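Biologist: I'd like to learn how to read a model like this one. Could you walk me through it, feature by feature?

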Amino acid sequence: MAALIAAGDNAGARNGRSERPIESIQSRSAGEPLMAIVSLRNQRITVYDAKGWILRAPVSSGTKGRETPAGIFSVIQKVEEHYSNLYDDAYMPHMQRITWSGIALHGGVLPGRPASHGCIRLPFDFAERLFDATAMGMRVIVAPTDVAPVELAHPLLFQPRPGAAALAAARVAEAQEAARKAAEARAAAATALREATQARTPVRAAENLKRIAEAQLAAAETKLGSGISAEAKEQAEDAKAQAVAKVAELQLQWDVANVDLQLRLDAVTSAREAAAAAETARVAAAEAARQVASELQPVSVLISRKTQRLYVRQAFKPILESPVTIADPDRPIGTHVFTAIERTSDDAEVRWNVVSLLGSGRAPSGTVEVGNRAHGSSSRGVEPAPTNPDSAKAALDRITIPQDVLDRIGNITPRSSLIVTDEAMSSETGKGTEFVVLLSGEPQGGIKKRRRSPGSEFRYAYPRSLPFWRSPFGSPFSNW
């Protein structure tokens, strides 16, 4: 069994802790968080990496009439110091938004029961650490009951395209090589320009000396033209001869220096052309690498029984929509979240897990029913119930995706997901979001009272004022 380490309980309001401690796995090094599951009934959040849960903490969700909606979300905005633009500038530190209408994870006071206006309050210290550990797009599942993902294999679960990773690596290598060549070409152009600049010095020196020699020659010729003694005339003729020789010598030096300068200037032109060509190649290679990298971003696929359609989003943008066939379409299929968790040892395939969401009136096999979720107290110590893989497989068995649609779905990488649900896509799905799915049979007061608005309209986003806290993921949690 995994050893648990519990943080000490601080009763102060600043720490915002209920009577339950923060728990973290210590039997292994934690990977990056793949998903967070919030149990409304248990008032608890559990964070999972590819190998299982890595930490848990108590939460405080929405009260009656302002319930936190159950459904499927993802982190779409992170602001370290956030103040509510709905509730009197209420302080919401380490805010991680999951809807543009205002539902978020954030630090807050936990009285040991649901107490928010729809957000999910976390212990202050836990919210800070989770904020630094998570990435944009991390899946957040708000479940009526506490459920854990289980690994699953099925023919319908997408796999990476052969050679996609190798192609991406090749494009990155090409971009790096092109960047190296462009840097070398820029350096060569700079060297050529420096050498051309230096080559101007002997030209200018020869010009100046030649000008002086020509002036001396002119003076000697002028002197010869005047009435002077024979001795003075002889001296003037000697001076003229020397001046003529000096001018010829300096003319030769100037010619040689000019030839050298022209060669240097030609080298500058050639080097600049080579640098421009190398820069063009660098830009093209960088764009090719960026394009391949964008294609390797996680892909999200939603299949809705209600609309009988398949939708694809990538990097918070819609990519594809198509009809899909669901056998026995009038019979419920459930809501299941399949997540590509990590590559297999040979990198040719990815492993998948699944979380199935049940309504608050239904309990997984072997789970004891508990009281009203609004109180969230009687089941806090209960372990999450593993998802029933048979119901998830049965849902996949009923789906047929046209081959041309399969061919158009992007490359599958870890963190890609497939959502199969009875529900339609929520209107919360839009610009700057992943898929948002709300469970229609669960209270949604906390979202129905809010106005959806684009991410750019939020007023409060303050810079960090506290020292940067390094993420512990990738190392044991003993320092939590």
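Biologist: Let's start with one residue: which residues does V140 touch, not counting residues up to four places away in sequence?

Modeller: A word on the source beforehand: this is a predicted model, where local features need pLDDT of at least 70 and side-chain atom pairs count only at pLDDT 80 or more, while totals for chains, interfaces and linings use all residues. Residues are numbered from 1 along each chain as its sequence is written, and side-chain values use heavy atoms, with hydrogens and water left out. Contact means heavy atoms within 4.5 Å. On that basis V140 touches A36, G71, I72, F73, S74, V75, I98 and L105.

Biologist: And which residues touch the most other members of the largest nonpolar core?

Modeller: In soluble globular proteins, nonpolar side chains tend to be buried together. A nonpolar core here is a set of buried Ala, Val, Leu, Ile, Met, Phe, Trp, Tyr and Cys residues joined through side-chain atoms within 4.5 Å. Buried means under 20% relative accessible area, exposed over 50%, and partly exposed in between (1.4 Å probe, protein chains only). The largest core has 47 residues, and I45, I120, L122, F126 and V140 touch the most other members. A second, separate core has 29 residues, including L156, L310, V350 and L418.

Biologist: Now sheets. In what order do the seven strands of the open sheet come?

Modeller: Strands of a sheet pair through backbone hydrogen bonds, either parallel or antiparallel. Helices (H or I, at least four residues) and strands (E, at least two) are DSSP runs numbered from the N terminus, and two strands pair if DSSP finds at least two bridges between them. The order is β13-β19-β18-β22-β14-β15-β16, with mixed pairing. Both β13 and β16 (317–323) have a single partner strand and stand at the edges, so one side of each lacks a neighbour in the sheet.

Biologist: How many bridges join β18 to β19, and how many join β18 to β22?

Modeller: Eight bridges link β18 to β19 (residues 350–357), running antiparallel; E342 stands opposite R351 in β19. Four bridges link β18 to β22 (residues 417–421), also antiparallel, and F338 has L418 as its bridge partner in β22. Strand β18 (residues 335–343) is mostly covered, with seven of its nine residues buried.

Biologist: What about helices: which residues of α4 are buried?

Modeller: A392, A395 and L396 are buried in α4. They cover an arc of only 95° around the axis (taken from the directions from the helix axis to the C-beta atoms), which puts them on the same side of α4. D390 and D397, on the other side, are exposed. The cover over the buried residues includes β13 (150–152), β18, β19, β21 (399–400) and β22.

Biologist: Which residue caps the N-terminal end of α4?

Modeller: Look for a polar contact: a pair of N or O atoms within 3.5 Å; within protein, one must be able to donate a hydrogen and the other to accept it, and residues adjacent in sequence count only if both atoms are side-chain atoms. N388 is the cap, with a side-chain oxygen 3.0 Å from the backbone nitrogen of D390.

Biologist: Is T387 buried or exposed?

Modeller: T387 is buried, with a relative accessible area of 3%. T387 lies in the loop between β20 (385–386) and α4 (389–397), and its side chain reaches the backbone nitrogen of S356 at 3.1 Å.
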